[in-house]
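Got the viewer open and the model loaded? Let's walk through it one selection at a time.

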Amino acid sequence: MRGIPAINLQFLTGDGLRYGIGPAIQGTLILIGLTSAIGIPIGIMTGVYLAEYGTNKYASWIRSINDILTGFPSIIVGITAYSLIVVGLTGTFSPIAGAVALAFIMIPIIARTTEESLKLVPNSVREASMALGIHRWRTIISVILPSAKSGLITGTILAVARIAGETAPIMLTILGNTYFFQGLGKAMDALPLRIFASSRSHLQVEQTQAWGAALVLILIVLALNIGVRLASRGRYKR
Amino acid sequence: MIKLTGDNIFKAIIAIIAASAAIILLLNTYVLVTGSANIFATSGFEFISGKNWDPGISSFGVLPYILGTLLTSGIALLVGVPLSLGIAIFIVEMAPKTVRVPFSYLVEMLAAVPSVIYGLWGLFVLRFWVLNYIEKPLNTYLGWIPIFSGTPTGLDILTAGLILAIMIIPTVASVSREVISAVPNSIREGAYGIGATKWEVIRHWVINYGRSGIFGAIILGLGRAIGETMAVTMVIGNATGPKAMPTSLFQPGQTLPSLIANGFFDSDTPLQSSAYIGAGLVLLLISLLINVAAHVMVTRVLKVKGGAVE
(Lines give C-alpha, C1' and ligand atoms only; values in the text may rest on other atoms or scores of the structure.)
Protein backbone atom coordinates (compact mmCIF):
# COMPACT_ATOMS: atom_id res chain seq x y z
CA MET A 1 0.00 0.00 0.00
CA ARG A 2 1.36 3.46 0.85
CA GLY A 3 5.09 3.00 1.11
CA ILE A 4 6.33 5.66 3.42
CA PRO A 5 9.93 6.80 3.57
CA ALA A 6 10.14 6.20 7.29
CA ILE A 7 12.46 3.30 7.02
CA ASN A 8 16.12 3.54 7.86
CA LEU A 9 18.49 1.52 9.96
CA GLN A 10 17.73 3.37 13.15
CA PHE A 11 14.01 2.99 12.58
CA LEU A 12 14.35 -0.74 12.18
CA THR A 13 16.58 -1.32 15.17
CA GLY A 14 15.93 1.60 17.49
CA ASP A 15 13.87 1.25 20.65
CA GLY A 16 10.58 2.98 21.38
CA LEU A 17 12.13 6.13 22.80
CA ARG A 18 13.52 7.04 19.40
CA TYR A 19 10.39 5.93 17.59
CA GLY A 20 12.10 2.83 16.27
CA ILE A 21 10.30 -0.43 15.75
CA GLY A 22 13.13 -2.73 16.79
CA PRO A 23 11.22 -4.12 19.78
CA ALA A 24 8.14 -4.66 17.66
CA ILE A 25 9.99 -6.62 14.98
CA GLN A 26 11.74 -8.66 17.65
CA GLY A 27 8.44 -9.29 19.44
CA THR A 28 6.71 -10.44 16.28
CA LEU A 29 9.54 -12.86 15.54
CA ILE A 30 9.45 -14.25 19.10
CA LEU A 31 5.70 -14.65 18.88
CA ILE A 32 5.95 -16.46 15.56
CA GLY A 33 8.54 -18.82 17.05
CA LEU A 34 6.62 -19.61 20.22
CA THR A 35 3.31 -20.00 18.43
CA SER A 36 4.83 -22.32 15.87
CA ALA A 37 6.34 -24.42 18.64
CA ILE A 38 2.88 -24.96 20.11
CA GLY A 39 0.71 -24.83 17.04
CA ILE A 40 2.58 -26.72 14.33
CA PRO A 41 2.93 -30.12 16.09
CA ILE A 42 -0.64 -30.11 17.35
CA GLY A 43 -2.02 -28.88 14.05
CA ILE A 44 -0.12 -31.42 11.99
CA MET A 45 -1.04 -34.33 14.25
CA THR A 46 -4.69 -33.32 14.14
CA GLY A 47 -4.47 -33.19 10.37
CA VAL A 48 -2.81 -36.61 10.25
CA TYR A 49 -5.58 -38.09 12.33
CA LEU A 50 -8.27 -36.57 10.13
CA ALA A 51 -6.59 -37.72 6.94
CA GLU A 52 -5.49 -41.21 7.96
CA TYR A 53 -8.13 -42.32 10.43
CA GLY A 54 -10.80 -39.77 9.60
CA THR A 55 -13.71 -41.90 8.51
CA ASN A 56 -15.53 -42.25 11.82
CA LYS A 57 -18.11 -40.04 13.47
CA TYR A 58 -15.62 -38.58 15.96
CA ALA A 59 -13.37 -37.40 13.13
CA SER A 60 -16.19 -35.78 11.24
CA TRP A 61 -17.18 -33.89 14.38
CA ILE A 62 -13.60 -32.72 14.86
CA ARG A 63 -13.47 -31.71 11.21
CA SER A 64 -16.62 -29.61 11.51
CA ILE A 65 -15.43 -27.95 14.69
CA ASN A 66 -12.14 -27.19 12.98
CA ASP A 67 -13.94 -25.52 10.10
CA ILE A 68 -16.00 -23.47 12.49
CA LEU A 69 -12.92 -22.43 14.42
CA THR A 70 -11.25 -21.08 11.28
CA GLY A 71 -13.99 -18.46 11.10
CA PHE A 72 -13.85 -17.63 14.78
CA PRO A 73 -13.65 -13.97 15.90
CA SER A 74 -10.05 -13.53 16.97
CA ILE A 75 -10.88 -11.19 19.83
CA ILE A 76 -12.71 -14.02 21.59
CA VAL A 77 -9.57 -16.12 21.52
CA GLY A 78 -7.83 -13.12 23.05
CA ILE A 79 -10.34 -12.95 25.91
CA THR A 80 -9.94 -16.66 26.55
CA ALA A 81 -6.16 -16.56 26.68
CA TYR A 82 -6.33 -13.45 28.83
CA SER A 83 -8.69 -14.99 31.35
CA LEU A 84 -6.99 -18.37 31.43
CA ILE A 85 -3.33 -17.42 31.38
CA VAL A 86 -2.84 -13.74 32.10
CA VAL A 87 -5.34 -13.70 34.96
CA GLY A 88 -5.52 -17.36 35.84
CA LEU A 89 -2.05 -18.83 35.58
CA THR A 90 0.76 -16.33 35.50
CA GLY A 91 -0.78 -13.07 36.59
CA THR A 92 1.19 -11.05 34.03
CA PHE A 93 0.98 -10.23 30.38
CA SER A 94 3.41 -12.47 28.61
CA PRO A 95 4.53 -13.73 25.23
CA ILE A 96 3.44 -17.18 26.38
CA ALA A 97 -0.17 -16.05 26.69
CA GLY A 98 0.09 -14.38 23.29
CA ALA A 99 1.50 -17.54 21.75
CA VAL A 100 -1.29 -19.67 23.21
CA ALA A 101 -3.91 -17.31 21.81
CA LEU A 102 -2.28 -17.35 18.40
CA ALA A 103 -1.88 -21.13 18.51
CA PHE A 104 -5.66 -21.38 18.98
CA ILE A 105 -5.95 -19.60 15.64
CA MET A 106 -3.12 -21.49 13.99
CA ILE A 107 -4.09 -25.08 14.89
CA PRO A 108 -7.33 -25.27 12.86
CA ILE A 109 -5.64 -23.75 9.82
CA ILE A 110 -2.70 -26.16 9.90
CA ALA A 111 -4.93 -29.14 10.63
CA ARG A 112 -6.98 -28.27 7.58
CA THR A 113 -4.06 -27.84 5.18
CA THR A 114 -2.31 -30.94 6.53
CA GLU A 115 -5.39 -33.02 5.92
CA GLU A 116 -5.73 -31.71 2.39
CA SER A 117 -2.11 -32.35 1.50
CA LEU A 118 -2.08 -35.86 3.00
CA LYS A 119 -5.12 -36.67 0.89
CA LEU A 120 -3.04 -35.89 -2.17
CA VAL A 121 -0.65 -38.72 -1.33
CA PRO A 122 -1.80 -41.62 -3.50
CA ASN A 123 -3.11 -44.70 -1.76
CA SER A 124 -0.68 -46.89 -3.66
CA VAL A 125 2.14 -45.36 -1.60
CA ARG A 126 0.39 -46.44 1.61
CA GLU A 127 -0.31 -49.88 0.26
CA ALA A 128 3.24 -50.37 -1.00
CA SER A 129 4.62 -49.51 2.40
CA MET A 130 2.18 -51.77 4.23
CA ALA A 131 3.00 -54.57 1.83
CA LEU A 132 6.60 -54.35 2.95
CA GLY A 133 5.37 -55.22 6.42
CA ILE A 134 5.87 -51.75 7.82
CA HIS A 135 3.53 -50.78 10.62
CA ARG A 136 0.92 -48.20 9.89
CA TRP A 137 2.37 -45.64 12.28
CA ARG A 138 5.82 -46.06 10.76
CA THR A 139 4.25 -45.71 7.35
CA ILE A 140 2.65 -42.43 8.33
CA ILE A 141 5.76 -40.98 9.92
CA SER A 142 8.41 -42.19 7.50
CA VAL A 143 6.57 -42.48 4.20
CA ILE A 144 3.43 -40.42 4.03
CA LEU A 145 4.52 -37.29 5.88
CA PRO A 146 7.75 -36.94 3.85
CA SER A 147 5.91 -37.35 0.57
CA ALA A 148 3.43 -34.64 1.56
CA LYS A 149 6.28 -32.44 2.79
CA SER A 150 5.87 -29.53 0.42
CA GLY A 151 2.15 -29.32 1.11
CA LEU A 152 2.80 -29.29 4.83
CA ILE A 153 5.38 -26.55 4.49
CA THR A 154 3.04 -24.47 2.36
CA GLY A 155 0.22 -24.75 4.87
CA THR A 156 2.48 -23.95 7.76
CA ILE A 157 3.92 -20.86 6.13
CA LEU A 158 0.47 -19.57 5.23
CA ALA A 159 -0.63 -20.09 8.82
CA VAL A 160 2.44 -18.23 10.07
CA ALA A 161 1.67 -15.37 7.71
CA ARG A 162 -1.86 -15.25 9.04
CA ILE A 163 -0.93 -15.13 12.72
CA ALA A 164 1.88 -12.62 12.14
CA GLY A 165 -0.73 -10.01 11.38
CA GLU A 166 -3.27 -10.86 14.07
CA THR A 167 -3.76 -7.94 16.39
CA ALA A 168 -6.78 -8.32 18.62
CA PRO A 169 -5.74 -11.50 20.48
CA ILE A 170 -2.23 -10.30 21.24
CA MET A 171 -3.47 -6.92 22.36
CA LEU A 172 -5.22 -8.67 25.23
CA THR A 173 -2.31 -10.98 26.03
CA ILE A 174 1.08 -9.31 25.49
CA LEU A 175 -0.19 -5.75 25.98
CA GLY A 176 2.58 -3.97 24.07
CA ASN A 177 5.23 -1.54 25.27
CA THR A 178 8.27 0.17 23.83
CA TYR A 179 11.03 -1.99 25.26
CA PHE A 180 13.03 -4.84 23.84
CA PHE A 181 12.25 -8.38 24.98
CA GLN A 182 12.54 -8.64 28.76
CA GLY A 183 11.70 -12.23 29.44
CA LEU A 184 8.93 -14.71 28.85
CA GLY A 185 6.98 -13.42 31.84
CA LYS A 186 6.88 -9.77 30.80
CA ALA A 187 4.74 -7.69 28.48
CA MET A 188 6.13 -7.39 24.97
CA ASP A 189 5.65 -5.42 21.79
CA ALA A 190 4.72 -6.67 18.32
CA LEU A 191 4.36 -5.04 14.91
CA PRO A 192 0.54 -5.08 14.68
CA LEU A 193 0.27 -3.60 18.17
CA ARG A 194 2.78 -0.89 17.35
CA ILE A 195 0.80 0.02 14.22
CA PHE A 196 -2.43 0.19 16.20
CA ALA A 197 -0.97 2.19 19.09
CA SER A 198 0.93 4.64 16.89
CA SER A 199 -1.96 5.23 14.53
CA ARG A 200 -3.99 6.63 17.42
CA SER A 201 -1.41 9.28 18.16
CA HIS A 202 -1.71 12.84 16.97
CA LEU A 203 2.06 13.21 16.64
CA GLN A 204 3.25 13.20 13.07
CA VAL A 205 6.33 11.20 14.02
CA GLU A 206 4.24 8.40 15.50
CA GLN A 207 1.92 8.25 12.52
CA THR A 208 4.95 7.95 10.29
CA GLN A 209 6.15 5.18 12.58
CA ALA A 210 2.83 3.40 12.12
CA TRP A 211 3.18 3.55 8.33
CA GLY A 212 6.74 2.30 8.49
CA ALA A 213 5.77 -0.57 10.77
CA ALA A 214 2.86 -1.41 8.47
CA LEU A 215 5.22 -1.52 5.51
CA VAL A 216 7.57 -3.89 7.34
CA LEU A 217 4.69 -6.13 8.44
CA ILE A 218 3.14 -6.29 4.99
CA LEU A 219 6.53 -7.07 3.46
CA ILE A 220 6.95 -9.98 5.87
CA VAL A 221 3.46 -11.32 5.18
CA LEU A 222 3.57 -10.87 1.42
CA ALA A 223 7.07 -12.34 1.21
CA LEU A 224 5.82 -15.46 2.97
CA ASN A 225 2.79 -15.67 0.70
CA ILE A 226 4.56 -15.04 -2.58
CA GLY A 227 7.34 -17.43 -1.59
CA VAL A 228 4.79 -20.15 -1.02
CA ARG A 229 3.01 -19.48 -4.29
CA LEU A 230 6.19 -19.59 -6.31
CA ALA A 231 7.34 -22.74 -4.55
CA SER A 232 4.07 -24.57 -4.99
CA ARG A 233 3.20 -23.29 -8.45
CA GLY A 234 1.35 -25.86 -10.47
CA ARG A 235 0.89 -28.15 -7.53
CA TYR A 236 -2.73 -27.32 -6.82
CA LYS A 237 -3.93 -26.62 -10.32
CA ARG A 238 -7.51 -27.64 -10.78
CA MET B 1 -9.39 -56.10 24.72
CA ILE B 2 -7.37 -53.88 22.44
CA LYS B 3 -3.76 -54.97 22.09
CA LEU B 4 -1.04 -52.50 22.90
CA THR B 5 0.65 -52.43 19.54
CA GLY B 6 2.53 -49.50 18.10
CA ASP B 7 -0.33 -48.84 15.77
CA ASN B 8 -2.95 -48.62 18.46
CA ILE B 9 -0.81 -46.43 20.68
CA PHE B 10 -0.07 -44.08 17.80
CA LYS B 11 -3.70 -43.91 16.81
CA ALA B 12 -4.77 -43.20 20.38
CA ILE B 13 -2.20 -40.44 20.78
CA ILE B 14 -3.14 -38.57 17.64
CA ALA B 15 -6.83 -39.11 18.29
CA ILE B 16 -6.39 -37.40 21.64
CA ILE B 17 -4.43 -34.58 20.06
CA ALA B 18 -7.09 -34.21 17.38
CA ALA B 19 -9.50 -33.38 20.18
CA SER B 20 -7.60 -30.07 20.50
CA ALA B 21 -10.11 -28.43 18.18
CA ALA B 22 -13.00 -29.41 20.43
CA ILE B 23 -11.00 -28.40 23.49
CA ILE B 24 -10.32 -24.95 22.05
CA LEU B 25 -13.99 -24.44 21.35
CA LEU B 26 -15.03 -25.66 24.79
CA LEU B 27 -12.36 -23.59 26.55
CA ASN B 28 -13.51 -20.46 24.77
CA THR B 29 -17.12 -21.09 25.62
CA TYR B 30 -16.32 -22.03 29.20
CA VAL B 31 -14.25 -18.90 29.81
CA LEU B 32 -16.87 -16.63 28.30
CA VAL B 33 -19.76 -18.23 30.16
CA THR B 34 -18.07 -18.21 33.57
CA GLY B 35 -16.60 -14.75 32.98
CA SER B 36 -19.94 -13.25 32.11
CA ALA B 37 -22.00 -15.07 34.78
CA ASN B 38 -21.73 -12.00 36.98
CA ILE B 39 -23.27 -9.58 34.49
CA PHE B 40 -26.05 -11.94 33.49
CA ALA B 41 -26.89 -12.59 37.15
CA THR B 42 -27.02 -8.85 37.83
CA SER B 43 -28.72 -7.52 34.74
CA GLY B 44 -30.41 -10.54 33.24
CA PHE B 45 -32.08 -9.83 29.93
CA GLU B 46 -31.48 -6.14 30.47
CA PHE B 47 -27.90 -6.81 29.35
CA ILE B 48 -29.09 -7.70 25.85
CA SER B 49 -31.78 -5.07 25.52
CA GLY B 50 -30.21 -2.19 27.46
CA LYS B 51 -28.52 0.83 25.93
CA ASN B 52 -26.44 2.12 28.83
CA TRP B 53 -22.75 1.50 29.35
CA ASP B 54 -22.16 3.29 32.60
CA PRO B 55 -20.06 1.91 35.43
CA GLY B 56 -21.31 4.76 37.64
CA ILE B 57 -24.81 3.35 37.85
CA SER B 58 -23.72 -0.25 37.17
CA SER B 59 -25.88 -0.44 34.11
CA PHE B 60 -24.64 -2.22 31.01
CA GLY B 61 -26.46 -3.13 27.83
CA VAL B 62 -25.12 -4.30 24.51
CA LEU B 63 -28.07 -3.56 22.23
CA PRO B 64 -26.38 -0.62 20.43
CA TYR B 65 -23.32 -2.73 19.72
CA ILE B 66 -25.31 -5.69 18.44
CA LEU B 67 -27.11 -3.31 16.10
CA GLY B 68 -23.81 -1.67 15.16
CA THR B 69 -22.30 -5.06 14.38
CA LEU B 70 -25.25 -6.10 12.25
CA LEU B 71 -25.43 -2.74 10.48
CA THR B 72 -21.74 -2.56 9.53
CA SER B 73 -21.81 -6.17 8.39
CA GLY B 74 -24.96 -5.44 6.41
CA ILE B 75 -23.27 -2.57 4.61
CA ALA B 76 -20.29 -4.83 3.98
CA LEU B 77 -22.49 -7.45 2.36
CA LEU B 78 -24.47 -4.90 0.36
CA VAL B 79 -21.31 -3.46 -1.16
CA GLY B 80 -18.96 -6.42 -1.04
CA VAL B 81 -21.10 -9.26 -2.34
CA PRO B 82 -21.93 -7.87 -5.80
CA LEU B 83 -18.26 -6.98 -6.28
CA SER B 84 -17.10 -10.42 -5.15
CA LEU B 85 -19.61 -12.22 -7.35
CA GLY B 86 -18.52 -10.06 -10.26
CA ILE B 87 -14.91 -11.01 -9.59
CA ALA B 88 -15.75 -14.70 -9.27
CA ILE B 89 -17.82 -14.77 -12.45
CA PHE B 90 -15.16 -12.82 -14.30
CA ILE B 91 -12.42 -15.21 -13.22
CA VAL B 92 -14.32 -18.39 -14.03
CA GLU B 93 -16.44 -17.49 -17.03
CA MET B 94 -14.77 -14.67 -18.89
CA ALA B 95 -11.15 -13.98 -18.12
CA PRO B 96 -8.58 -15.22 -20.62
CA LYS B 97 -6.04 -17.53 -19.07
CA THR B 98 -3.27 -14.91 -19.01
CA VAL B 99 -5.42 -12.65 -16.83
CA ARG B 100 -7.06 -15.32 -14.73
CA VAL B 101 -4.08 -16.58 -12.76
CA PRO B 102 -2.54 -13.25 -11.72
CA PHE B 103 -5.98 -11.86 -11.02
CA SER B 104 -6.93 -14.66 -8.67
CA TYR B 105 -3.53 -14.38 -6.97
CA LEU B 106 -4.22 -10.70 -6.45
CA VAL B 107 -7.57 -11.41 -4.84
CA GLU B 108 -6.02 -13.99 -2.55
CA MET B 109 -3.27 -11.55 -1.61
CA LEU B 110 -5.98 -9.18 -0.39
CA ALA B 111 -6.92 -11.89 2.09
CA ALA B 112 -3.38 -12.05 3.40
CA VAL B 113 -3.14 -8.38 4.32
CA PRO B 114 -3.40 -8.06 8.12
CA SER B 115 -6.53 -6.32 9.34
CA VAL B 116 -4.62 -3.70 11.29
CA ILE B 117 -3.16 -2.53 7.98
CA TYR B 118 -6.62 -2.19 6.48
CA GLY B 119 -7.45 -0.19 9.57
CA LEU B 120 -4.44 2.08 9.14
CA TRP B 121 -5.32 2.65 5.51
CA GLY B 122 -8.94 3.25 6.45
CA LEU B 123 -7.97 5.75 9.10
CA PHE B 124 -5.63 7.85 7.00
CA VAL B 125 -6.82 7.35 3.42
CA LEU B 126 -10.25 5.79 2.91
CA ARG B 127 -11.74 7.96 5.62
CA PHE B 128 -11.12 11.12 3.63
CA TRP B 129 -12.34 9.63 0.36
CA VAL B 130 -15.56 8.58 2.04
CA LEU B 131 -15.87 11.93 3.76
CA ASN B 132 -15.26 14.09 0.71
CA TYR B 133 -16.80 12.09 -2.12
CA ILE B 134 -19.68 10.23 -0.47
CA GLU B 135 -20.70 11.71 2.82
CA LYS B 136 -20.49 15.44 2.19
CA PRO B 137 -22.52 15.37 -1.05
CA LEU B 138 -25.10 12.98 0.41
CA ASN B 139 -25.37 15.02 3.56
CA THR B 140 -25.75 18.28 1.66
CA TYR B 141 -28.41 17.12 -0.76
CA LEU B 142 -30.14 14.29 1.08
CA GLY B 143 -29.51 15.36 4.66
CA TRP B 144 -33.25 15.41 5.35
CA ILE B 145 -33.31 11.61 5.22
CA PRO B 146 -32.53 10.44 8.75
CA ILE B 147 -29.82 7.95 7.76
CA PHE B 148 -27.85 10.67 5.97
CA SER B 149 -28.20 13.27 8.71
CA GLY B 150 -25.63 14.47 11.19
CA THR B 151 -22.20 15.95 10.69
CA PRO B 152 -20.02 13.69 8.56
CA THR B 153 -16.57 13.10 9.99
CA GLY B 154 -15.45 10.07 8.05
CA LEU B 155 -15.01 8.08 11.26
CA ASP B 156 -18.39 6.45 11.34
CA ILE B 157 -20.56 3.46 10.58
CA LEU B 158 -20.44 3.94 6.81
CA THR B 159 -16.63 3.92 6.65
CA ALA B 160 -16.49 0.85 8.89
CA GLY B 161 -18.99 -0.90 6.63
CA LEU B 162 -17.02 -0.01 3.52
CA ILE B 163 -13.71 -1.23 4.92
CA LEU B 164 -15.41 -4.48 5.91
CA ALA B 165 -16.75 -4.74 2.37
CA ILE B 166 -13.20 -4.63 1.05
CA MET B 167 -12.08 -7.19 3.61
CA ILE B 168 -14.76 -9.77 2.82
CA ILE B 169 -14.18 -9.63 -0.94
CA PRO B 170 -11.36 -12.21 -0.95
CA THR B 171 -13.36 -14.68 1.16
CA VAL B 172 -16.60 -14.39 -0.76
CA ALA B 173 -14.90 -14.20 -4.15
CA SER B 174 -12.68 -17.24 -3.70
CA VAL B 175 -15.40 -19.50 -2.29
CA SER B 176 -17.90 -18.46 -4.97
CA ARG B 177 -15.20 -19.00 -7.57
CA GLU B 178 -14.87 -22.60 -6.39
CA VAL B 179 -18.63 -23.03 -6.42
CA ILE B 180 -18.99 -21.58 -9.91
CA SER B 181 -16.17 -23.75 -11.24
CA ALA B 182 -17.98 -26.74 -9.76
CA VAL B 183 -21.01 -26.08 -11.97
CA PRO B 184 -20.82 -28.80 -14.62
CA ASN B 185 -20.14 -27.69 -18.16
CA SER B 186 -23.10 -29.68 -19.42
CA ILE B 187 -25.35 -27.14 -17.70
CA ARG B 188 -23.73 -24.30 -19.64
CA GLU B 189 -23.77 -26.20 -22.90
CA GLY B 190 -27.41 -27.14 -22.47
CA ALA B 191 -28.29 -23.51 -21.87
CA TYR B 192 -26.33 -22.29 -24.88
CA GLY B 193 -27.97 -25.10 -26.83
CA ILE B 194 -31.42 -23.61 -26.33
CA GLY B 195 -30.15 -20.24 -27.48
CA ALA B 196 -29.35 -18.40 -24.28
CA THR B 197 -26.87 -15.51 -24.37
CA LYS B 198 -23.82 -15.49 -22.13
CA TRP B 199 -25.54 -13.14 -19.69
CA GLU B 200 -28.60 -15.37 -19.52
CA VAL B 201 -26.50 -18.49 -19.02
CA ILE B 202 -24.69 -16.94 -16.08
CA ARG B 203 -27.72 -15.24 -14.63
CA HIS B 204 -30.24 -18.07 -14.89
CA TRP B 205 -28.26 -21.28 -14.98
CA VAL B 206 -24.82 -20.90 -13.42
CA ILE B 207 -25.88 -18.73 -10.49
CA ASN B 208 -29.03 -20.71 -10.01
CA TYR B 209 -27.21 -24.03 -9.98
CA GLY B 210 -24.64 -22.82 -7.46
CA ARG B 211 -26.98 -20.67 -5.40
CA SER B 212 -26.75 -22.48 -2.10
CA GLY B 213 -22.95 -22.60 -2.37
CA ILE B 214 -22.85 -18.90 -3.17
CA PHE B 215 -25.17 -18.28 -0.26
CA GLY B 216 -22.74 -20.20 1.94
CA ALA B 217 -19.90 -18.04 0.62
CA ILE B 218 -21.84 -14.92 1.53
CA ILE B 219 -22.48 -16.24 5.03
CA LEU B 220 -18.77 -16.99 5.41
CA GLY B 221 -18.08 -13.39 4.45
CA LEU B 222 -20.68 -12.26 6.98
CA GLY B 223 -18.92 -14.31 9.65
CA ARG B 224 -15.65 -12.63 8.83
CA ALA B 225 -17.26 -9.18 8.91
CA ILE B 226 -18.92 -9.78 12.26
CA GLY B 227 -15.78 -10.94 14.00
CA GLU B 228 -13.49 -8.33 12.51
CA THR B 229 -11.96 -6.25 15.25
CA MET B 230 -9.02 -4.00 14.53
CA ALA B 231 -9.98 -2.38 11.24
CA VAL B 232 -13.42 -1.53 12.60
CA THR B 233 -12.07 -0.25 15.90
CA MET B 234 -9.80 2.13 14.02
CA VAL B 235 -12.45 3.74 11.81
CA ILE B 236 -15.83 3.46 13.50
CA GLY B 237 -15.39 6.39 15.89
CA ASN B 238 -16.09 4.35 19.01
CA ALA B 239 -19.15 5.81 20.66
CA THR B 240 -20.46 4.17 23.81
CA GLY B 241 -23.73 4.12 25.67
CA PRO B 242 -26.98 5.45 24.18
CA LYS B 243 -24.93 7.56 21.74
CA ALA B 244 -23.86 4.37 20.00
CA MET B 245 -27.43 3.53 18.97
CA PRO B 246 -27.15 3.70 15.19
CA THR B 247 -29.53 6.32 13.86
CA SER B 248 -27.50 7.71 10.99
CA LEU B 249 -24.79 6.24 8.80
CA PHE B 250 -22.72 9.34 9.44
CA GLN B 251 -22.36 9.06 13.17
CA PRO B 252 -19.74 7.25 15.22
CA GLY B 253 -20.85 3.80 16.26
CA GLN B 254 -19.50 0.71 17.92
CA THR B 255 -19.52 -3.00 17.24
CA LEU B 256 -19.18 -5.84 19.75
CA PRO B 257 -15.53 -6.59 18.89
CA SER B 258 -14.52 -2.93 18.82
CA LEU B 259 -16.23 -2.38 22.16
CA ILE B 260 -14.10 -5.10 23.69
CA ALA B 261 -10.91 -3.98 21.98
CA ASN B 262 -11.40 -0.40 23.15
CA GLY B 263 -12.46 -0.82 26.70
CA PHE B 264 -11.40 -4.20 27.96
CA PHE B 265 -8.59 -2.82 30.12
CA ASP B 266 -10.41 0.30 31.23
CA SER B 267 -12.91 -1.53 33.39
CA ASP B 268 -13.58 0.33 36.61
CA THR B 269 -15.52 -2.40 38.36
CA PRO B 270 -15.56 -6.22 38.25
CA LEU B 271 -19.08 -5.95 36.91
CA GLN B 272 -17.81 -3.96 33.96
CA SER B 273 -15.13 -6.52 33.09
CA SER B 274 -17.82 -9.13 33.29
CA ALA B 275 -19.92 -7.03 30.92
CA TYR B 276 -17.08 -6.98 28.38
CA ILE B 277 -16.80 -10.74 28.58
CA GLY B 278 -20.58 -10.93 28.23
CA ALA B 279 -20.29 -8.90 25.03
CA GLY B 280 -17.77 -11.50 23.92
CA LEU B 281 -20.25 -14.26 24.66
CA VAL B 282 -22.94 -12.57 22.58
CA LEU B 283 -20.42 -12.21 19.76
CA LEU B 284 -19.47 -15.88 20.11
CA LEU B 285 -23.08 -16.97 19.84
CA ILE B 286 -23.74 -14.81 16.78
CA SER B 287 -20.61 -16.02 15.07
CA LEU B 288 -21.17 -19.68 15.95
CA LEU B 289 -24.65 -19.48 14.49
CA ILE B 290 -23.35 -17.94 11.28
CA ASN B 291 -20.38 -20.26 10.92
CA VAL B 292 -22.41 -23.38 11.50
CA ALA B 293 -24.93 -22.21 8.91
CA ALA B 294 -22.16 -21.48 6.42
CA HIS B 295 -20.47 -24.78 7.11
CA VAL B 296 -23.66 -26.73 6.50
CA MET B 297 -24.37 -24.86 3.26
CA VAL B 298 -20.90 -25.06 1.76
CA THR B 299 -20.31 -28.72 2.62
CA ARG B 300 -23.69 -29.71 1.24
CA VAL B 301 -22.84 -28.12 -2.07
CA LEU B 302 -19.31 -29.41 -2.41
CA LYS B 303 -20.48 -32.83 -1.20
CA VAL B 304 -17.72 -33.31 1.29
CA LYS B 305 -17.19 -36.88 2.27
CA GLY B 306 -14.34 -37.65 4.60
CA GLY B 307 -13.03 -34.15 4.02
CA ALA B 308 -12.35 -34.62 0.33
CA VAL B 309 -14.03 -32.51 -2.27
CA GLU B 310 -15.45 -34.95 -4.73
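Start by selecting chain B: of its 310 residues, 46% are buried, where buried means 20 or more other C-beta atoms within 10 Å of a residue's own, exposed means 12 or fewer, and partly exposed is in between, with C-beta atoms placed from the backbone. Before going on, note that this is a predicted model, in which local features need pLDDT of at least 70 and side-chain atom pairs count only at pLDDT 80 or more, while totals for chains, interfaces and linings use all residues. Residues are numbered from 1 along each chain as its sequence is written, and chains are lettered from A and ligands numbered from 1 in the order in which they are written.

**Chain B as a whole**

Switch to cartoon and you should find 13 helices and 2 strands in chain B; these are DSSP runs numbered from the N terminus, H or I of at least four residues for helices and E of at least two for strands. Along the principal axes, the C-alpha atoms of chain B fill a box of roughly 75 × 70 × 30 Å. Among contacts in chain B with a separation of 6 or more, 77% join residues 24 or more positions apart, a contact being two residues whose C-beta atoms, placed from the backbone, lie within 7 Å.

Now colour by pLDDT, the predictor's confidence in each residue from 0 to 100. Chain B has a mean of 82, and 95% of its residues reach 70 or more. Which elements of chain B have the lowest and highest confidence? Strand β1 (residues 53–54) is lowest at a mean of 76, and helix α4 (residues 63–94) is highest at 89. Then go to residues 304–310 of chain B, where pLDDT stays under 50 and the model has 13 contacts beyond four places in sequence. For the model as a whole, the scores are ipTM 0.79 and pTM 0.83.

**Three stops in chain B**

Select Gly216(B), in helix α10 of chain B. Gly216(B) counts as buried because it has 25 C-beta neighbours inside 10 Å. Add Val175(B): the two are 41 residues apart in sequence and 8.5 Å apart in space, C-alpha to C-alpha.

Keep Gly216(B) on screen and add Val296(B), which is 80 residues away along the chain but has its C-alpha 8.0 Å from that of Gly216(B). Val296(B) belongs to helix α13 of chain B, and its 14 C-beta neighbours inside 10 Å are why it counts as partly exposed.

Next, hop to Val125(B) in helix α6 of chain B. Is Val125(B) buried or exposed? It counts as exposed, because it has 12 C-beta neighbours inside 10 Å. Draw a distance to Thr42(B), 83 residues apart along the chain, and the C-alpha atoms turn out to be separated by 43 Å.

**Over to chain A**

Select chain A: 11 helices and 0 strands. Of its 238 residues, 53% count as buried, and 74% of its contacts with a separation of 6 or more are between residues 24 or more positions apart.

Zoom in on helix α5 (residues 95–119) of chain A. Its 25 residues reach 35 Å from first C-alpha to last, close to the 36 Å expected at 1.5 Å a residue, the expected span being 1.5 Å times one less than the number of residues. Look for a kink of about 30 degrees at Met106(A), shortly before the proline Pro108(A); the bend is the angle between axes fitted to the seven residues ending there and the seven starting there. Helix α5(A) has 25 of its 25 residues buried, so it is largely enclosed by the rest of the structure.

For a contrasting stop, pick Leu132(A), in the loop between α6 (123–131) and α7 (136–147) of chain A. Leu132(A) is exposed because it has 10 other C-beta atoms within 10 Å. Its C-alpha is 68 Å from that of Gln204(A), 72 residues apart in sequence.

**Where the chains meet**

Finally, show both chains: the contact takes 55 residues from chain B and 58 residues from chain A. On the side of chain B that touches chain A, α2(B) gives the most, with 10 residues.

Last selection: Ile195(A). It touches Ala210(A), Ala213(A), Ala214(A), Leu217(A), Val116(B), Ile117(B) and Leu120(B), not counting residues up to four places away in sequence.
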